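Please open the structure in your viewer and keep the sequence panel beside it, so that you can select residues by number as the tour proceeds. Each stop begins with something to select.

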Amino acid sequence: MKKNLILLSALFLIGIAQLNAQCCKPNDSKAQTANTNQQEGKTLKLKITGMTCAGCSNHISNALKEVDGFIEHKVKYPGDLATIHYDPKKTNPDAIIEVIEQTGYKAEILKENQKEKSL
């Protein structure tokens, strides 16, 4: 009798785990929307001057999060580089640079030959 109760409890727990796993699967339409948003966005690479520590890169990161049209970014210190993915329908490189410069740093768009030199 005790074995049957343990077996029944184990099956019940496995069933609940399966239900939880099914409810947490991403919806295909959401995944497709996320992929569409990433394809529509543009990437901007900037050289940031004036950063002296990781706190500076966090300061810039927090300012970028306030930009309408911001999708994702990476601000690297050391290295003084920022890679920003944005929605061109909502913002543009000049607006992004202005936000960075308002925080007290200087930003300039990296050209192809500058990217190769920094690598």
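Leaving aside its neighbours within four places in sequence, which residues is V67 in contact with? Before you look, bear in mind that this is a predicted model. Now select V67, which you will find in the loop between α3 (54–64) and β2 (70–76), and then add T91, I96 and V99, since these are the residues with which V67 is in contact once its neighbours within four places in sequence are left aside. V67 has a relative accessible area of 13% and is buried, because the cut-off for buried is under 20%. Add A95 as well: A95 and V67 are 28 residues apart in sequence, while their C-alpha atoms are 8.4 Å apart in space.

Next, select the whole of α3 together with helix α4, which covers residues 93–102. The axes of these two helices are 9 Å apart, and the helices pack at an angle of about 135 degrees. An angle counts as roughly perpendicular from 65 to 115 degrees and as roughly antiparallel over 145, so α3 and α4 are described as oblique to each other. If you turn the view to look at how they cross, the crossing in which α3 passes α4 is right-handed. To see where the two helices meet, show the side chains of I60, A63 and L64 in α3, and then those of I96, V99 and I100 in α4.

Now move to the cysteines and select C53 and C56. How far is the sulfur of C53 from the closest cysteine sulfur? The closest one belongs to C56 and lies 3.8 Å away, which is too far for a bond, given that a disulfide needs the two sulfur atoms within 2.5 Å. C56 is likewise in no disulfide, and by this rule the count comes to zero disulfides. Is each of these two cysteines buried or exposed? C53, with a relative accessible area of 35%, is partly exposed, whereas C56, with a relative accessible area of 9%, is buried.

For the last stop, select H85, which lies in strand β3, a strand made up of residues 81–86. H85 counts as buried, with a relative accessibility of 13%. Finally, add K42 and show its backbone: the backbone oxygen of K42 lies 3.5 Å from a polar atom of the side chain of H85.

Technical notes:
Residues are numbered from 1 along each chain as its sequence is written. This is a predicted model: local features need pLDDT of at least 70, side-chain atom pairs count only at pLDDT 80 or more; totals for chains, interfaces and linings use all residues. Side-chain values use heavy atoms; hydrogens and water are left out. Helices (H or I, at least four residues) and strands (E, at least two) are DSSP runs, numbered from the N terminus. Buried means under 20% relative accessible area, exposed over 50%, partly exposed in between (1.4 Å probe, protein chains only). A polar contact is a pair of N or O atoms within 3.5 Å; within protein, one must be able to donate a hydrogen and the other to accept it, and residues adjacent in sequence count only if both atoms are side-chain atoms. Contact means heavy atoms within 4.5 Å. Axes are lines fitted to C-alpha atoms, for helices over the stretch in contact, and angles run from 0 to 180 degrees between N-to-C directions. Angles under 35 degrees count as roughly parallel, over 145 as roughly antiparallel, 65 to 115 as roughly perpendicular and the rest as oblique. A crossing is left-handed if the near helix is turned anticlockwise from the far one by less than a right angle, and right-handed if clockwise.
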